[in-house]
Amino acid sequence: MSLTAIIDYESGNLHSAEKAFQRMALEGDLGTVLVTSDADIVAKADRVVLPGDGAFPACMRALKGTGGLFDALIETVEVKARPFLGICVGMQLMATRGREYEDTEGLDWVEGEVTRIMPEDPALKVPHMGWNDLIFDAPHPVFDGLSTGDHTYFVHSYHFNVSRADNRLAHVNYAGDVTAVVGRDTMLGFQFHPEKSQRVGLRLISNFLRWSP
Amino acid sequence: MLKTRIIPCLDVADGRVVKGVNFVDLVDAGDPVAAAKAYDAAGADELCFLDIHATHENRSTMFDLVQRTAEQCFIPLTVGGGVRTVQDVRNLLLAGADKVSFNSAAVAKPHVLAEAADQFGSQCIVCAIDAKTVSPGKWEIFTHGGRKPTGIDAVAFAQKAAEKGAGEILLTSMDRDGTRAGFNLALTRAISDAVPIPVIASGGVGTLDHLVEGVTEGRASAVLAASIFHFGEFTIAQAKFHMVAADIPVRIT
């Protein structure tokens, strides 16, 4: 039985993520989904989801400060190469560095920096909040069934500038390109909230639960 | 491209929708969860629950409602009404709300916005502003359902709310609320132009053209309406096609 661990490091609301992943796991008979802060469970999970709301430095500190979770995450994702999905700030933590309030080292799984969205047009609001249509940069098994123009729900003031173009798998337009999906090997990150993105989001979750790279 | 959001708002009292929602196929018109599911399926971009009789005693009813909605609706849910403290925010987020809206408490003590934003992030903190015209081009904040003047300038307060850390403003014109005469466009525009964060226009929608005006003239990022949707006058899809016809980008599902 496949086990998906959604890491709870006290960074935001996990209720909807939990319900969305559990529902898709149940519908597709894709194993068990657990929200957990137990390092042992994360270490033996078959796939790992790292959510995150709030500020980059606070999230990174919380992740490192929660009893062995950080080491378990590194073990499962880096050493065992189990499929990983970061969501929102969880995706941003995959970067080399975050530049929110202060410079903070990230997981450095995907080369790049997280910087503030600076629209040149003052009429454009920050946070970038609402539904935006995805533009795919590269094919990926997790995009199965989706097409350009499908919408997902975003809410963020900082965005991920990738150093290597091939690590950006999808973007949206908001006074320039905003990275929507990053990935390499067994790692994937969504800037948007799939658990809040209705049909499209549920499909992405289901595809992630089926993904065996 | 970012799309303009259409947000139906459900007024809830003691766990029931006030006045009911008149949808085809909706067995229990007073059940907020059933109404939320119907709006989700109909293509609403977000949902808003407003607890209009928020008291200490009925808080658990609201938590239960939010929890059951979050289990079945996978679009963002904002909950407001009677929110006073950081603990209130925490409880609603834990129940499954995505955003929590402060109203009178933020007027009395704006710093609560900063405390909540520091703890949970600006993305989930909404500041609801109820404003009334006091002279042309001048709007004042009113609390207690529009009965109590505060002497506080609405535009200045909106700027303060944004500085404190609110991630969004839910702006209701008390002059227009319930009139079906359309948004107060001058007010909406004044606030939208004054703050860097998104503004949701609310109060007075009676036609689909009103929704369009809120965006084109009021420059709102989102439009909120209640009765035109609840009573089955217009569907969310009709509202969206009307906006597309006016060159406003929306999410078509």
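This tour moves through chain B of a predicted model, from the whole chain to a single residue and then to the contact with chain A.

**Chain B as a whole**

Begin by selecting chain B and colouring it by secondary structure; 10 helices and 11 strands will appear. The radius of gyration of chain B is 17 Å, close to the 18 Å that the globule rule gives for 253 residues, so chain B is as compact as a globular protein of that length. Turn the chain along its principal axes: its C-alpha atoms fill a box of roughly 45 × 40 × 35 Å.

Next, consider the interior. Of the 253 residues in chain B, 54% count as buried. Where contacts join residues at least 6 apart in sequence, 65% of them link residues at least 24 apart.

**Helix H3 and B:Val86**

Now select residues 86-95 of chain B, which form helix H3, and find B:Val86 within that helix. Is B:Val86 buried or exposed? It is partly exposed, because 16 other C-beta atoms lie within 10 Å, whereas 20 or more would be required for a buried residue.

Which residues does B:Val86 contact, apart from its neighbours within four places in sequence? Select B:Glu115, B:Ala116 and B:Gln119 to display them. From B:Val86 to B:Gln119 the separation is 33 residues in sequence, and 8.2 Å in space from C-alpha to C-alpha.

**The contact with chain A**

Finally, show both chains. The contact takes 27 residues from chain B and 28 from chain A. On the side of chain B, the elements giving two or more residues are helix H2 (59-72) and helix H3. Coloured by class, this side of chain B shows 13 nonpolar, 6 polar and 8 charged residues.

Conventions: Residues are numbered from 1 along each chain as its sequence is written. Chains are lettered from A and ligands numbered from 1 in the order in which they are written. This is a predicted model: local features need pLDDT of at least 70, side-chain atom pairs count only at pLDDT 80 or more; totals for chains, interfaces and linings use all residues. Helices (H or I, at least four residues) and strands (E, at least two) are DSSP runs, numbered from the N terminus. The radius of gyration is taken over C-alpha atoms; the globule rule is 2.2 Å times the number of residues to the power 0.38. A residue is buried if 20 or more other C-beta atoms lie within 10 Å of its own, exposed if 12 or fewer, and partly exposed in between; C-beta atoms are placed from the backbone. Two residues are in contact if their C-beta atoms, placed from the backbone, lie within 7 Å. Ala, Val, Leu, Ile, Met, Phe, Trp, Tyr, Cys and Pro count as nonpolar, Asp, Glu, Lys and Arg as charged, and the others, Gly among them, as polar.
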